[in-house]
Amino acid sequence: MKCTSAEASKLLRKLIEEKATLEAKEERSRVFIAAVGEDIESVRPDYNYQETQDALEAVDKKIRLLKHTINCFNTTHMVPGFDMTIDQILVYIPQLSERKARLLNMKDRLPKQRVELDRYGSRTSSNLIEYTYANYDISIVEAEYERVADILAKAQTALDVINNTETMDIPEYCEK
């Protein structure tokens, strides 16, 4: 079956939810409490160890195969305009996001700012007035922020396009 990365991710989430449901049912039914004198068989939950383990292993196998297929796709498909594979861009995007956040903090500083609080968060009682100075050109940081924000937006858009248009062959076993 052919599907996009977005569809494969949805299928993977569905399989993970299926496994969580099986584990939750097992957790609730593998042991039970009965009062002294109570008919144990009347309160025994329906549970078959082997069937449950087989079902869990079947879902795990589907998850392994699907993740492997997605990983192979991500390591072999290039992102247009970035000279990177999908797996590389998946590392690059968080790096850009981190850099953008750091630059945002730097570009929003004043070149000279009065220090109002001491290191414990209370007002200084001293008559000494202190200032914090930016040790860089804020206009350069503003330009770099815009450049990084543009690259990040382009990378995210390029990845979105691939995730919704490029297809991969999903093992039939994963569908069932």
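Modeller: A polar contact is a pair of N or O atoms within 3.5 Å; within protein, one must be able to donate a hydrogen and the other to accept it. The model discussed here is predicted.

Colleague: At the start of H3, which residue's backbone nitrogen does a side-chain oxygen of asparagine 48 reach?
Modeller: Helix H3 covers residues 49–76. The limit for a polar contact is 3.5 Å, and the side-chain oxygen of asparagine 48 comes within 3.1 Å of its partner. That partner is the backbone nitrogen of glutamine 50.

Colleague: How many Å does H3 reach from its first C-alpha to its last?
Modeller: H3 has 28 residues. At 1.5 Å a residue, the expected value is 40 Å. The span in the model is close to that, at 41 Å.

Colleague: Which residues of H3 are buried?
Modeller: Buried means under 20% relative accessible area. Glutamine 53, found in H3, does not qualify because its value is 25%, which counts as partly exposed. The buried residues are Thr52, Leu56, Val59, Lys62, Ile63, Leu66, Thr69, Ile70, Phe73 and Asn74.

Colleague: Leaving aside its neighbours within four places in sequence, which residues is glutamine 53 in contact with?
Modeller: One of the two partners belongs to the buried residues of H1. Aspartate 150 is a distant residue for comparison, with its C-alpha 49 Å from that of glutamine 53. With sequence neighbours within four places set aside, the contacts of glutamine 53 are Glu26 and Tyr47.

Colleague: Which backbone oxygen does the side chain of threonine 76 reach?
Modeller: Threonine 76 is found in H3 and is exposed, at 54% relative accessibility. Its side chain also joins that of histidine 77 in a polar contact of 3.3 Å. The backbone oxygen lies at 2.8 Å and belongs to cysteine 72.

Colleague: How many disulfides are there?
Modeller: A disulfide needs two cysteine sulfur atoms within 2.5 Å. Cysteine 3 is buried, at 3% relative accessible area, whereas cysteine 72 is partly exposed, at 32%. By the distance rule, the number of disulfides is zero.

Colleague: Are the planes of the rings of tyrosine 131 and tyrosine 133 stacked, edge-to-face or tilted?
Modeller: A search of the whole structure finds one aromatic pair. In that pair, tyrosine 131 and tyrosine 133 have ring centres 6.4 Å apart and planes at 50°. Planes under 30 degrees apart would be stacked and those over 60 edge-to-face, so this pair is tilted.

Colleague: Is tyrosine 133 buried or exposed?
Modeller: The cut-off for exposed is over 50% relative accessible area. Tyrosine 131, its ring partner, has 37% and is partly exposed. Tyrosine 133 has 53% and therefore counts as exposed.

Colleague: Which lysine lies over the face of tyrosine 131?
Modeller: Another lysine, lysine 107, has its charged end over the ring of tyrosine 145, 4.9 Å from the ring centre. For tyrosine 131, the distance to the ring centre is 4.4 Å. The residue over its face is lysine 112.

Colleague: Which residue other than glycine has a positive phi near 50°?
Modeller: This residue lies in the loop between strand S2 (78–79) and strand S3 (84–85). Its relative accessibility is 67%, which means that it counts as exposed. The residue with the positive phi is aspartate 83.

Terms used:
Residues are numbered from 1 along each chain as its sequence is written. This is a predicted model: local features need pLDDT of at least 70, side-chain atom pairs count only at pLDDT 80 or more; totals for chains, interfaces and linings use all residues. Side-chain values use heavy atoms; hydrogens and water are left out. Rings of Phe, Tyr and Trp (its six-membered ring) pair if their centres lie within 6.5 Å; planes under 30 degrees apart count as stacked, over 60 as edge-to-face and the rest as tilted. Buried means under 20% relative accessible area, exposed over 50%, partly exposed in between (1.4 Å probe, protein chains only). A charge sits over a ring if NZ of Lys or CZ of Arg is within 6 Å of the ring centre and within 35 degrees of the ring normal. Helices (H or I, at least four residues) and strands (E, at least two) are DSSP runs, numbered from the N terminus. The expected span of a helix is 1.5 Å times one less than its number of residues. Contact means heavy atoms within 4.5 Å.
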